[in-house]
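Hi,

Here is the structure I promised to pass on. Have a look at it first, and then read on for what turned up when I went through it.

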Amino acid sequence: MRKVSVSLAVIGLIISLALIGWFGFGKVIEAISRVGWAEFGVILGWQIVLFVILGLAWDAIMPSRNNHQPLLLIWGRMVRDCATNCLPFSQVGGFVFGARAVTLHGLTWSTATASTVVDVTAEFLAEIAFTGIGLAILIARAPQSEVVIPLEVGLALAVLAGFFFIWLQQGATPMFARISRRIAGRWFGKAEDRLQVLQAELSQIYGQTRRLLLGFAVHLIGWLGTGVAGFIAYRALGIPIQFDDALAIEALLAAIAALSFLVPLNVGVQEAGYAGLGTIFGIPPEMSLAVSLLRRARDVSIGVPILLIWQFVEVRRLREKAG
């Protein structure tokens, strides 16, 4: 699997460079140069707002017996996303790192792991709803687009996949047992011996219907917030895009990225998605590529300091144990 991820990352990098070269490296850089420090500061600030929203969504599905620690879960969510956006791992790696980050501050391994799995599921279901909104906008704007039918089919399959994933978690089938051992075993020791504890945590979380619905709703707000982020980025480049068009681009891009979860950092996928989807809504490809690079600059600017702080905490804990 690691070799596959590395190969996909290399291919994605080649695609990214080819796209930028094809549409004009100078044009892309010229577009990015239009963004001043004030505009970039707004982009960074909005991403922090999104971290808060996503952390609160994670907090919403936590078991009622736990003392709620929204700041801790916001931090865990920051580590999760920054690891996914800055480190050469698939999205699963980000899930593991986020769970690990909150255990360093007192959350039990079983609660961290189970709540991460359920939070990811709630986010995925909210993403399906978000994609549906984007698809509706696309149909209204460009009903004859060639991507409409594939997206409709993909959305239907995603709905089935979401319900199957929930069933899989609640049933603790042998497949889920293997996944849990793979994810949890690296950080939490003998995951096989603790699988029953993990299943009990999952059952408790899934027994809280109101909390699950709240988590779903907050995640949907978070996804809509990514549409706002896209709108801010396009406007920072001086592109007079309508908000619903920016929302549709981000929604459909999120669906494409979800299908390519094995590609580290979504290299190539993000760039090709922006260029292709932007064209449908009348945005020149070089401008959409500039938005993609602006997004990566945002991810690095926020992600690197957060990951360094996380690693500092890890090293300090290891030294305390060794001492």
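Let me start with helix α4, which covers residues 70–86. Its 17 residues reach 24 Å from the first C-alpha to the last, close to the 24 Å you would expect at 1.5 Å a residue. 13 of those 17 residues are buried, so α4 is largely enclosed by the rest of the structure. One thing to keep in mind throughout is that this is a predicted model.

Now the overall picture. The protein chain has 13 helices and zero strands, so to speak of its pattern is to write α-α-α-α-α-α-α-α-α-α-α-α-α along the sequence. Of its 323 residues, 51% count as buried. If you take the contacts in the chain with a separation of 6 or more, 75% of them come from residues 24 or more positions apart.

Helix α6 and its partners

Helix α6 runs over residues 109–141, and I looked at how it packs on two other helices, α10 and α11.

With helix α10 (residues 209–236), the angle is about 50° and the axes are 8 Å apart. The two are therefore oblique to each other, and α6 passes α10 in a right-handed crossing. On the α6 side, the residues involved are V118, D119, A122, E123, L125, A126, E127, A129, F130 and I133. They meet L212, F216, H219, L220, W223, L224, T226 and G227 in α10. Sorted by class, that contact comes to twelve nonpolar, three polar and three charged residues.

F216 is a good residue to click on here, as it lies in α10. Is F216 buried or exposed? Neither label quite fits: with a relative accessible area of 29%, F216 is partly exposed. Not counting residues up to four places away in sequence, F216 touches A122, L125, A126 and A129. The C-alpha atoms of F216 and I61 are separated by 8.9 Å, although the two residues are 155 apart along the chain.

With helix α11 (residues 243–259), α6 packs at an angle of about 125°, and again the axes are 8 Å apart. That makes α6 oblique to α11, and the crossing in this case is left-handed. From α6 you have E127, F130, T131, I133, G134, L135, I137, L138 and R141. Facing them in α11 are D244, D245, L247, A248, E250, A251, L252, A254, A255 and A258. This contact of α6 with α11 has twelve nonpolar, two polar and five charged residues.

W109 also belongs to α6. At 16% relative accessibility, W109 counts as buried. Its C-alpha is 8.8 Å from that of L198, with their positions 89 residues apart in sequence.

On to α11 and α12

Helix α11 also packs against helix α12 (residues 269–280), at an angle of about 145° and with the axes 10 Å apart. The crossing of α11 and α12 is right-handed. I249, E250, L252, L253, I256 and A257 of α11 make the contact with V269, Q270, G273, Y274, L277 and G278 of α12. By class there are eight nonpolar, three polar and one charged residues in the contact of α11 with α12.

As for α12 itself, its twelve residues reach 17 Å from first C-alpha to last, close to the 16 Å expected at 1.5 Å a residue. Which residues of α12 are buried? They are V269, Q270, E271, G273, Y274, A275, L277 and G278. Just after α12, G282 takes a positive phi of about 80°.

One more residue

Last, have a look at E314, which sits in helix α13 (residues 285–322). E314 is a glutamate with a relative accessible area of 9%, and that makes it buried. Leaving aside its neighbours within four places in sequence, E314 is in contact with R100 and L104.

If you want to check things in the viewer, the α6 contacts with α10 and with α11 are a handy place to begin.

Cheers

How values were computed: Residues numbered from 1 in each chain as written. Predicted model: local features only at pLDDT ≥ 70, side-chain atom pairs only at ≥ 80, totals over all residues. Heavy atoms only, no water. Helix = DSSP H or I, 4+ residues; strand = E, 2+ residues; numbered from the N terminus. Expected span 1.5 Å × (residues − 1). Buried < 20%, exposed > 50% of the residue type's maximum accessible area, 1.4 Å probe, protein only. Axes fitted to C-alpha atoms, helices over the stretch in contact; angles between N-to-C directions. Parallel < 35°, antiparallel > 145°, perpendicular 65-115°, else oblique. Left-handed = near helix turned anticlockwise from the far one by under 90°. Contact = heavy atoms within 4.5 Å. Nonpolar A, V, L, I, M, F, W, Y, C, P; charged D, E, K, R; others polar.
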